[in-house]
Amino acid sequence: MFLIKIILFSSTIFFTTNLWAGLMISGHANPSEKGATMGSAYLTIMNHSAEDVTLTKASSSYAKYTEFHTHLNEKGMMRMVKLKDLKIPAHATISMKPGGKHIMLIQLSKQLAKGNKVTIQLTDSKGNNYSTTIPIQRAEAKSDHSHH
Ligand SMILES: [Cu+2]
């Protein structure tokens, strides 16, 4: 009986530690116009673990394709490019911003209506899955930021 308790206890610890090895994700998606086919979201991803995390896949119920994008300055022209993955170094934070890295929601299946929420699923190179549910709002409407 005692042994069983020890096993249960240690597996709980392992599970908790495993969760903590994950990422802390917050952010927002921009509202989209009615009929728009593309939308964008901006995440802040904190990697509290001692290992780099490389996100390789993203998905969302709002769009057929969910991609990591960034902007490149090519001969004075800003061009949007798809990133094959998104690396968050150990103990580092990535903050997506307009004009920089962002999440692109392509072929929207419904309008990103202000006040609603969108869930984005992320997968890393090791097969770990992460999920974040973010509000649909303009960036400047981030009134609750100080409470986090
Ligand atoms: Cu984009």
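**Notebook: serine 95 and the strands around β2**

I looked up serine 95 to begin with, and I found it in strand β7, which covers residues 93-95. I note here that the model is a predicted one.

Next I asked myself: is serine 95 buried, partly exposed or exposed? I counted 13 other C-beta atoms within 10 Å, and because a residue is called exposed at 12 or fewer and buried at 20 or more, serine 95 is partly exposed. I then checked its distance to serine 26, and the two are 69 residues apart in sequence but 9.5 Å apart in space, taken from C-alpha to C-alpha.

I moved on to strand β2, residues 38-47, and asked which side chains point to which face. Gly39, Ala41, Leu43, Ile45 and Asn47 point to one face and are buried, whereas Met38, Ser40, Tyr42, Thr44 and Met46 point to the other face and are not buried. I remind myself that in a regular strand the side chains alternate between the two faces of the sheet.

Which strands does β2 pair with? I found that β1, residues 23-29, runs antiparallel to β2 and is joined to it by 7 bridges; within this pairing, glycine 27 has leucine 43 of β2 as its bridge partner. Strand β8, residues 102-108, also pairs with β2 in the antiparallel sense, over 4 bridges, and here I saw alanine 41 standing opposite isoleucine 103 of β8.

Finally I came back to β7, the strand that holds serine 95. It is antiparallel to β2 and joined to it by 3 bridges, and the bridge partner of methionine 46 in β7 is threonine 93.

Note on methods: Residues are numbered from 1 along each chain as its sequence is written. This is a predicted model: local features need pLDDT of at least 70, side-chain atom pairs count only at pLDDT 80 or more; totals for chains, interfaces and linings use all residues. Helices (H or I, at least four residues) and strands (E, at least two) are DSSP runs, numbered from the N terminus. Two strands pair if DSSP finds at least two bridges between them.
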